[in-house]
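Please load the model in your viewer and keep the selection panel at hand, since each stop on this tour begins with something to select.

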Amino acid sequence: MNHARKEHLALIPAYNEAATVGSVVRAVRERAPFCDILVVNDGSRDGTTAEARAAGADVVELPFNLGIGGAVQAGFVYAKENGYRWMVQVDGDGQHEPDEIAALVAAMEADPAIDMVCGSRFLRPGEYLPPVSRRTGIHLFAFLLSRILRQPITDPTSGFRLYNRRAIELFSDDYPHDYPEVEAVLMLHHHRLRMTEVPVRMLERGGGQSSISSGKSAYYMVKVLLALFVGLLRRRAVPGPDELTPVPAEHGV
């Protein structure tokens, strides 16, 4: 970037999202002007990079498709190395409303102990919902995580999330690569970080194709369940506050 960085980074992971990524970038610029914008092009074979740059985003291009987990972790590494205090993840397919970024930020500012704020479509009745096959899996994961975390979790697969510096530090070093959202919630819990949910609007995809088709829903459910159970057994070191990388002086600390 050739301009003074802001404190918030909007990360847009994108794979063959040329039809929508430009409009998403422009909407974030207009409705969340406090954010810098980074598109991570996950090995797309279309014009994703050209559309993102034309709309005013910075772009990191991955040499081949890593999947959503690899693309998002690239964003965490970028946020960490460039000293951002907060990073919000926004899908490149137009499902997330940039107007709602402010609601995620407000929830985190209201409770400094919160490390991740997740936008939940299930907390706002009447919103667009995924197909029944996927919704069944989401509710199962929500049930399990609610009992593990001992707090209500309603939308553990949502990719609309805001992270603070400590969460950025954690996930830049270790982030699930295959269907990562559910396991990431468990990772937060194991590292004694906290999360909360806020109600948000979600729309149907504006273009492209979901990585989880109706035919893959059962496979997705089984794979994520296995990842959850393995995650419960996995031993992880818990980072202390002194292990966090200081935020650069340009951000005022």
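A residue is called buried here when its relative accessible area is under 20%. By that cut-off, 53% of the 253 residues of the protein chain count as buried. The model is a predicted one, and with the whole chain shown as a cartoon you will find eight helices and seven strands. Switch to a surface for a moment: the chain exposes about 11500 Å², of which carbon and sulfur atoms supply 53%. Among contacts between residues at least 6 apart in sequence, 78% join residues at least 24 apart.

**The sheet**

Select the strands next, and follow them across the open sheet that the seven of them form, in the order 3-2-1-4-6-5-7 and with mixed pairing. Strand 3 (58–61) and strand 7 (195–199) stand at the edges, and because each has a single partner strand, one side of each is left without a neighbour in the sheet. Looking along the sheet, you can follow a twist that averages 20° from one strand to the next.

At the strand 3 edge, add strand 2 (residues 35–41), which pairs with strand 3 in the parallel sense over four bridges; here Val-39 stands opposite Val-59 of strand 3. Then bring in helix 4 (residues 101–110), which packs on the sheet and touches several strands, including strand 1 (8–14), strand 4 (86–89) and strand 6 (161–163), with its direction at about 40° to that of strand 6.

**Strand 5**

Which residues of strand 5 point one way, and which the other? Select strand 5 (116–120) with side chains shown: Met-116, Cys-118 and Ser-120 point one way, Val-117 and Gly-119 the other, and all are buried. In a regular strand, side chains alternate between the two faces of the sheet. Since five of the five residues of strand 5 are buried, this strand is largely enclosed by the rest of the structure.

Its neighbours are worth selecting in turn. Strand 6 runs antiparallel to strand 5 and is joined to it by three bridges, with Tyr-163 of strand 6 as the bridge partner of Met-116. Strand 7 runs parallel to strand 5 and is joined to it by five bridges, and there Cys-118 stands opposite Glu-197.

**The aromatic cluster**

Keep Tyr-163 selected and add Phe-76, Phe-171 and Tyr-175, which together with Tyr-163 form one aromatic cluster. The structure holds five aromatic pairs by the rule applied here. One of them, Phe-76 with Phe-171, is tilted, at 5.4 Å centre to centre and 45° between the planes. This pair links distant parts of the chain, as Phe-76 belongs to helix 3 (residues 68–81) and Phe-171 to helix 6 (residues 165–173), 95 residues apart. The rings of Phe-171 and Tyr-175 have centres 5.1 Å apart and planes at 80°, so that pair is edge-to-face. Phe-76 is buried, as are Phe-171, with a relative accessible area of 0%, and Tyr-175, at 4%.

**Asp-93**

For the last stop, select Asp-93 in the loop between strand 4 and helix 4. Is Asp-93 buried or exposed? Its relative accessibility is 3%, so Asp-93 counts as buried. A polar atom of the Asp-93 side chain lies 3.0 Å from the backbone nitrogen of Gln-95. Finally, add Pro-13: 80 residues separate Pro-13 and Asp-93 along the chain, while their C-alpha atoms are separated by 9.4 Å.

Technical notes: Residues are numbered from 1 along each chain as its sequence is written. This is a predicted model: local features need pLDDT of at least 70, side-chain atom pairs count only at pLDDT 80 or more; totals for chains, interfaces and linings use all residues. Side-chain values use heavy atoms; hydrogens and water are left out. Two strands pair if DSSP finds at least two bridges between them. Helices (H or I, at least four residues) and strands (E, at least two) are DSSP runs, numbered from the N terminus. Axes are lines fitted to C-alpha atoms, for helices over the stretch in contact, and angles run from 0 to 180 degrees between N-to-C directions. Contact means heavy atoms within 4.5 Å. Buried means under 20% relative accessible area, exposed over 50%, partly exposed in between (1.4 Å probe, protein chains only). A polar contact is a pair of N or O atoms within 3.5 Å; within protein, one must be able to donate a hydrogen and the other to accept it, and residues adjacent in sequence count only if both atoms are side-chain atoms. Accessible areas come from the Shrake-Rupley method with a 1.4 Å probe; for residues, only the protein chains shown count as cover. Rings of Phe, Tyr and Trp (its six-membered ring) pair if their centres lie within 6.5 Å; planes under 30 degrees apart count as stacked, over 60 as edge-to-face and the rest as tilted.
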